[in-house]
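Here is a short briefing on a two-chain model. Keep the structure open alongside the text.

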Amino acid sequence: MTHTLHRYGKVDTLNDDLVFLSMSAKGFANEKGSGEKMKKTLEIAQKHNPVNIGDMKTGNILAITVDEIMKKVVDTSIVHAVFANIEDAAAFAKEVKEAELGISLVISAPFDRAWKIADTAGCRGHTIEYSGGIWGKTEKLPAPEILEFTTMCGHGMISRYLVEDVITRVKAGTISAKGGSVEIGKQCCCGIYNPARGEKLLKALAAKK
Amino acid sequence: MRINEDACLCSKLNGAISIKALKRFVADRDTGKWKQFCKKLPSTGKKIAIVGSGPAGLTAGYYLAKLGHSITVFEAFSKPGGMMRVGIPDYRLPKDILDTEIKEIQSVGIDIKLNTKIVSIDWLFGQGYDAAFLALGAHRGMKLGVEGEDNSGVIDGAAFLRDVNLGVKVNVGDRVAIIGGGNTAIDSAHTALRLGAKQVQIIYRRSKVEMPASDEEVEAAIEEGIEITFLAVPVKISNHNDQLNLTCNRMELGEIDASGRRRPVPIKGSEFSMNCDVIIAAIGQTPDIPDQFNLKTTSNNTLQVDYNTLATNRQGVWAGGDAVTGPASVIEAIAAGRKAAISIDKYLGGEGVIDEQLTKSRQIVAPVGEEDFVDRARVDMSCLTPGQRVGNFDEMELGLYELSAVEESRRCLHCGDGITARCRYACPAGINVPLYIYLIGEGRYEDALAIIREKVPFPKVLGRICTSPCEEACIGCGLCLPYCPMSAIGVDAAAQVLRIDQELCVECGSCLRAAVCPTDAFIYEAQPWPRSVREAFSNPLAEHKETRIPGRGTEEMKTNDVRGLYGRGTIGVGAEVGRPGVSCNFHDVETVTTAFAKVGMKFAEGNPVTANMVDRATGKMNPEILDERVMSAIVEGTIPVEKLADVIKAAKEAASQIDTVFSLEFIDRPEADRSVPMEKILKKQGVACYPNGKFNLGLGRPLVQ
């Protein structure tokens with residue numbers, strides 16, 4: 001139920017973490033032929049400086065080429081695009097709305113930003129999902145700064161141990177913050193990881209003693 | 001190329017070392033010197049029943065007998081050996097070779113009762129046995145599932161090979177079609193040709209690349225004139241005047257599935273047919289487990305065991321070999337027999353130590369052989385020509401001459417004095433491959449055989465049919481360690497390799513996709529039920545069969561603009577148990593589902609957790625999956641807005657009882673003034689929602705009103 005929900009972090013880093021997903025409703029009228037429409041969505045995304053693009057069925061642009069992703073989009077795909085500023089995100093949403101593709105488009109973002117994007121795109125906004133946080137044995141969780149990375153992959157494919165390893169390597173200077181963020185992001189198959197946010201977080205952590 | 005040999009670094013240089021041939025070379029020169037260090041402990045007074053005299057059963061029996069236990073092996077067939085006897089034709093494994101090794105195993109004190117099928121474990125315990133090991137094999141052929149397969153003349157590959165190997169006369173006619181692409185299919189084809197068939201055709205649904213049989217077996221089949229039709233699948237069999245007609249559909253390869261292989265998809269209007277006298281279905285085999293055993297089985301009808309000990313759900317009963325894994329290699333069955341012997345001995349009060357040193361030669365002292373080793377080509381065993389093979393069952397491979405064996409062994413790099421040699425860790429039974437190869441190069445054949453004998457009681461058999469699955473070509477570099485979200489990969493200091501803790505592993509596929517292993521040691525294996533739920537709930541690329549949704553949940557609010565499930569008084573509620581990154585078992589999931597059920601949650605249709613409930617009214621999960629660990633499981637459903645407070649209270653109660661975490665979520669529709677009706681209730685109940693979340697822009701069409 002969650003996927004791009006539950007991205008953990010402070011509002012200032014979440015403000016530049018704007019994730020879109022698009023899919024058709026299985027068994028409903030907009031399913032048939034939706035693969036082509038989702039390809040169109042990804043084509044539009046490419047015009048607006050996305051920091052990541054992916055399809056749950058094939059992978060993301062940090063690991064494979066966008067052409068490979070585009071080629072394999074089918075009716076059952078769930079495609080994603082991630083933007084690192086509200087202007088690009090809003091321009092993308094607006095163009096998708098104007099293309100009248102008829103496929104659901106969902107954004108994960110701070111709600112004030114989501115409404116701004118909806119307003120720019122001329123959308124009313126249909127449904128909202130809140131994260132009620134993490135319950136239970138929270139002592140089993142990694143440190144908050146690690147959670148900011150791991151929760152950028154809704155499927156839990158980003159290992160806390162990899163994040164710790166990359167932080168150590170960035171601090172030691174054996175990998176750049178950008179390279180480290182990409183290495184982390186490759187593990188998130190469907191492409192909802194935000195490498196730009198990851199890079200910023202890594203730089204901040206590396207600067208800490 | 002054998003997979004075991006694929007682990008050899010020489011494969012990237014001048015051809016992998018002929019490991020199997022060298023094993024056979026020393027095994028065929030057995031002088032029995034290794035027996036001087038071989039010990040048999042005094043009687044423990046414990047009696048163990050072993051069901052099945054295949055490689056797993058006899059291996060377990062051999063080691064347990066040496067530890068002083070009294071062993072009785074029950075064999076349903078008229079001769080011992082299991083699949084080595086009834087599944088492998090003479091031209092690959094002559095029966096006198098097998099007889100010699102079984103006789104050697106029996107010499108430590110094993111009683112084999114032939115023609116004795118065991119159908120009740122209670123009966124065994126009633127006979128005074130203290131423990132039982134079930135090594136039944138997988139002898140029942142799988143059905144094709146097509147119209148007309150019950151026609152006479154359609155037989156299953158396992159039964160066909162069994163009859164031929166046990167001396168039953170089988171008439172195959174002139175034209176034989178074989179369905180399948182594994183070893184049984186290839187062996188059936190060779191056997192049919194040797195029985196006099198004039199035209200033998202194999203039909204396989206994928207391409208040559210995906211064929212489970214090894215390249216050299218496929219090439220040998222083609223050499224003998226066996227035709228192989230790739231990308232075809234049978235759809236119908238009919239019988240006209242004792243003439244079978246097989247109709248097939250052409251296939252093409254579609255998308256990559258969770259196994260990493262491209263899925264065969266039928267091509268419309270591509271049907272073709274052929275006439276044949278006999279059709280052999282060789283698409284797989286399953287164990288034939290008597291109902292009276294009353295043991296837990298998987299959806300593949302294999303016995304369910306603890307992976308670490310091979311214990312079944314019944315105390316005092318272990319199981320291993322093909323009956324647990326489905327059809328696998330002889331070396332894997334031997335490895336299972338060793339593991340079972342260790343577990344059973346510990347159960348009976350022993351220390352579970354089955355290894356002994358049969359030679360004092362332990363060290364490689366000259367790491368690399370001759371200077372020109374890089375220029376030397378691989379030496380293979382010579383074989384009978386295709387013409388010499390047809391019409392008889394003479395052994396195909398002829399072994400190595402001494403000079404060739406020594407030359408071949410001296411090509412070995414003995415990587416890191418054998419310590420870092422990949423082949424050393426490729427053998428499931430743990431044979432120290434680089435050491436015995438080194439000893440051959442030194443001319444110390446008896447010591448070389450002793451090294452092999454330390455781990456397996458079937459060196460002659462393995463010298464002919466060893467196909468290791470190479471679970472590990474791991475060199476212990478540790479590059480993969482941080483990529484596992486569950487930290488399930490650990491260091492086995494004794495073996496100097498890494499191991500995956502099967503309990504912690506949730507089958508998410510991260511290790512494979514990370515693609516950091518320099519030796520490609522990770523191998524995907526589809527898991528049997530109930531372990532199969534691990535992948536379905538953990539690997540985002542695995543598609544749930546019921547919902548066609550890749551991932552773990554339903555479409556929920558992602559398509560609510562089209563579906564209209566939530567809002568206007570109906571709140572969507574979800575708890576992703578195990579998230580973020582902690583994982584959970586289904587006991588934890590059931591704690592949450594039962595708590596939600598009590599307050600009247602209507603569980604979501606098409607949701608994988610809902611699909612695995614046995615009672616939606618109570619939220620009870622299928623008990624078969626309760627112990628399975630998954631990355632996360634999403635409990636989702638709907639509740640009237642007036643019951644939202646009750647759900648939150650139920651969530652609080654469940655949170656205090658689970659041994660993991662869950663992430664909680666709520667779905668509603670905003671009003672025209674952008675207020676969200678559920679927000680007041682959430683605040684009142686003390687739920688601190690994140691400032692960010694998901695927002696459906698409402699672009700799906702037709703838009704629900």
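The points below cover the chains, their interface, the shared sheet and two helix pairs.

The model is predicted. Chain A has 209 residues and chain B has 705. The chains touch through 71 residues of chain B and 69 residues of chain A. An open sheet of eleven strands takes strands from both chains.

**Chain make-up**

- Chain A contains nine helices and six strands.
- In chain A, 60% of the residues count as buried.
- Take the chain A contacts between residues at least 6 apart in sequence: 71% of them link residues at least 24 apart.
- Chain B contains 24 helices and 27 strands.
- In chain B, buried residues account for 52%.
- For chain B contacts between residues at least 6 apart in sequence, 73% link residues at least 24 apart.

**Interface, seen from chain B**

- The interface brings 71 residues of chain B into contact with 69 residues of chain A.
- Seven elements of chain B each give at least two residues to this side. The helices are H18 (510–514), H20 (560–563) and H23 (644–657). The strands are E19 (570–577), E25 (633–640), E26 (661–668) and E27 (692–696).
- E26(B) provides the largest share, with eight residues.
- By class, the chain B side has 36 nonpolar, 18 polar and 17 charged residues.

**The shared sheet**

- The strand order is E3(A)-E2(A)-E4(A)-E1(A)-E5(A)-E27(B)-E6(A)-E26(B)-E19(B)-E25(B)-E21(B), and the pairing is antiparallel.
- Which strands sit at the edges? They are E3 (59–60) of chain A and E21 (602–603) of chain B, each of which pairs on one side only.
- In the order of the sheet, E27(B) lies between E5(A) and E6(A). E6(A) in turn lies between E27(B) and E26(B).
- Strand E6 of chain A, residues 127–136, pairs with E26(B) over seven bridges in the antiparallel sense.
- Within that pairing, Ile128(A) has Asp668(B) as its bridge partner.
- At the chain A end, strand E2 (residues 52–55) runs antiparallel to E3(A), joined by two bridges. Here Gly54(A) is opposite Asn60(A).
- Helix H2 of chain A, residues 34–46, packs on the sheet. This helix touches strands E1 (18–23), E2 and E4 (79–83) of chain A. The direction of the helix makes about 15 degrees with that of E4(A).

**Helix pair in chain B: H2 and H16**

- H2(B), residues 19–27, packs against H16(B), residues 445–453. The angle is about 115 degrees, and the axes are 9 Å apart.
- H2(B) and H16(B) are therefore roughly perpendicular.
- Their crossing is left-handed.
- H2(B) contributes Lys23(B), Val26(B) and Ala27(B) to the contact. H16(B) contributes Tyr445(B), Ala448(B), Leu449(B) and Ile452(B).
- This contact has six nonpolar residues, one charged and no polar.

**Helix pair in chain A: H7 and H9**

- H7(A), residues 160–172, packs against H9(A), residues 195–207. The angle is about 60 degrees, with axes 9 Å apart.
- The crossing of H7(A) and H9(A) is right-handed.
- From H7(A), the contact takes Val166(A), Ile167(A), Val170(A) and Lys171(A). From H9(A), it takes Leu202(A), Leu205(A) and Ala206(A).
- The residues of this contact are six nonpolar, no polar and one charged.

Notes
Residues numbered from 1 in each chain as written. Chains lettered and ligands numbered in written order. Predicted model: local features only at pLDDT ≥ 70, side-chain atom pairs only at ≥ 80, totals over all residues. Contact = placed C-beta atoms within 7 Å. Helix = DSSP H or I, 4+ residues; strand = E, 2+ residues; numbered from the N terminus. Nonpolar A, V, L, I, M, F, W, Y, C, P; charged D, E, K, R; others polar. Pairing = 2+ DSSP bridges. Axes fitted to C-alpha atoms, helices over the stretch in contact; angles between N-to-C directions. Buried ≥ 20, exposed ≤ 12 C-beta atoms within 10 Å, placed from the backbone. Parallel < 35°, antiparallel > 145°, perpendicular 65-115°, else oblique. Left-handed = near helix turned anticlockwise from the far one by under 90°.
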